[in-house]
Amino acid sequence: MSRYLKLYAHFLRFSFSKAMEFRVDFFFRVVMDIFFYAVQFAFFHIIYLHTPILAGWDIEQMRVFIVSYIFIDALHMTVFSTNCWWLPIYINRGDLDYYLVKPVSTLFFLSLKDFAANSFLNLVIAGSLLVWVLTNYPGPLEPIKIFVYILLLLNGTFLFFLTNLIFLLAVFWTQSPRGYGDLFFSVSHVMERPDRIYKGIARKVFVFILPFALMASYPAKFLMEENQWHLLGVIFGVTTCFFLLVQVIWRLGLRNYSSASS
Amino acid sequence: MELRRTLTYRADFWVNFIGQTLFSIVIAYFLWSSIFETLNVQTLNGFTMERMIVYYLLVPLVFRIQQGQTIGSISREIYEGSLNKFLLYPINFYGFKIITHFAGAVFYYAQIFVIIGLYQVFADNPIFEMSFLKLFYFTIAMLGISIAYFCLNSLSELVAFWADYIWSLGVIIRFAVSFMGGALIPLSFFPEWSMKILNLTPFPYMISFPMKILLEEVALKEFFLNMTILALWTLVFLFFSRVLWNKGRYRYTGVGI
């Protein structure tokens with residue numbers, strides 16, 4: 001374990017020094033994410049000009065939901081997204097060989113080696129937005145629930161990453177350079193809408209098969225509504241299943257890996 | 001060549017295309033049906049539920065036609081130093097890139113008509129009819145929009161002469177066009193004051209306008225007015241991109257990074 005922590009510390013150091021070389025990109029990324037956050041708030045603001053309630057939530061409650069998925073997005077962008085970008089390319093080009101011979105878990109190495117230091121400031125901004133919205137929330141928020149909510153957001157980020165991996169690991173079989181990364185990007189917008197809008201079979205799909213409803217919506221529901229402790233079982237159960245599923249797909253994929261570039 | 005490149009991974013291409021279209025509609029359907037149910041209304045800001053679904057079915061396709069295939073390619077040539085060959089070839093770099101952009105757009109243009117055709121065949125009472133005039137207006141408008149977007153985007157790409165990595169600038173432009181053009185929410189839902197400002201920008205002409213051509217009847221006068229505004233904006237983008245190109249190419253070292 002300590003070996004992996006030390007390795008991650010090296011990843012961090014290297015990523016920050018690399019980010020400092022591209023200062024203009026650093027600035028543009030901050031502007032891009034601030035713009036993205038503004039669009040998310042504006043989107044729901046416009047909707048609430050036409051309806052007082054959406055999925056059982058008023059605008060104050062919706063703001064908690066918005067910052068929840070903004071925080072997950074920012075954390076994913078910072079910790080995982082660069083790695084998710086490169087992973088299918090390594091597999092497609094046959095560059096995986098170099099990582100397979102390293103004396104650490106290949107999936108750990110490839111999932112965490114690039115910490116997007118240039119997105120780190122955005123994570124700070126997203127975190128500040130989260131604090132601001134929670135501080136201004138008009139209803140009562142219990143400290144223990146806030147603590148669990150933060151853990152659920154971290155879990156939501158991890159689950160988002162695991163789901164992303166499943167779409168990307170398809171590259172072992174499709175041999176294409178991006179896997180189904182573009183499709184994942186489209187599907188991931190499910191997370192940006194409250195889970196209660198999804199009804200019938202779609203609801204089951206977005207909870208158990210493509211669990212985007214569990215990532216931000218369930219944590220927000222847990223925080224703001226009474227008697228929602230039962231959600232924890234569903235959230236952690238699905239996350240565990242997805243973690244195991246990724247391990248299985250990764251192993252099957254490696255068996256299919258030919259090492260040659262397509 | 002662009003078509004061949006797009007279709008190199010056919011299974012991927014179709015899974016991505018069908019999946020993206022499907023999920024865009026699924027999300028829009030559940031969001032808006034929840035709003036219609038809450039308000040207990042049949043029509044909201046001129047949109048019925050069916051019209052809303054058709055809107056969200058066509059919007060991503062219009063967006064794709066506009067974006068073509070060349071996003072990021074100019075900046076890549078600058079970083080990698082492969083711009084060298086264009087400086088030596090007896091062709092205009094900008095002209096070559098615009099043609100490549102169109103080649104990608106043509107494929108998406110064909111896709112939208114497959115979708116419209118399927119909708120017209122399978123819908124009980126289609127909410128809009130296609131006519132030769134509509135087809136003509138839409139084609140001209142998309143041609144103009146595609147050029148306008150190319151010129152707008154090239155402004156961000158040419159910054160690569162000065163900056164190391166400008167991927168995020170292109171994403172900002174995409175966000176701006178998507179939100180202020182009406183791809184996320186139809187512009188008729190925006191507050192009136194914001195529309196007065198938005199109409200002074202090029203964005204409503206890039207998405208909302210072609211959608212209006214498809215779903216409503218656009219008079220010749222309105223068509224000309226919108227196209228003129230779009231053309232003026234394109235000239236503005238073109239002017240600034242020429243300025244950037246003329247200044248930037250003297251900074252170009254040709255070795256890549």
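Where in chain B is confidence lowest, and where is confidence highest? The mean is lowest, at 61, in helix H1 (residues 2-6) of chain B, and highest, at 93, in helix H9 (residues 192-198) of chain B. Here confidence is pLDDT, the predictor's score for each residue from 0 to 100, and helices are DSSP runs (H or I, at least four residues) numbered from the N terminus.

This is a predicted model, in which local features need pLDDT of at least 70 and side-chain atom pairs count only at pLDDT 80 or more, while totals for chains, interfaces and linings use all residues. Residues are numbered from 1 along each chain as its sequence is written, chains are lettered from A in the order in which they are written, and side-chain values use heavy atoms, without hydrogens and water. The model scores ipTM 0.86 and pTM 0.87.

Over all chains there are 11 salt bridges, each a side-chain nitrogen of Lys or Arg within 4 Å of a carboxyl oxygen of Asp or Glu. Three of them are listed, including one in chain B.

| Pair | Closest N to O |
|---|---|
| A:Arg93 and A:Asp95 | 3.9 Å |
| A:Arg196 and A:Glu225 | 2.6 Å |
| B:Lys212 and B:Glu222 | 2.7 Å |

A:Arg196 lies in the loop between helix H9 (181-187) and helix H10 (200-209) of chain A, and A:Glu225 in the loop between H12 and H13, so this pair ties together parts 29 residues apart in sequence. A:Glu225 is buried at 14% relative accessibility, whereas A:Arg196 is partly exposed at 29%; buried means under 20%, exposed over 50%, and partly exposed in between (1.4 Å probe, protein chains only).

Technical notes. Helix = DSSP H or I, 4+ residues; strand = E, 2+ residues; numbered from the N terminus.
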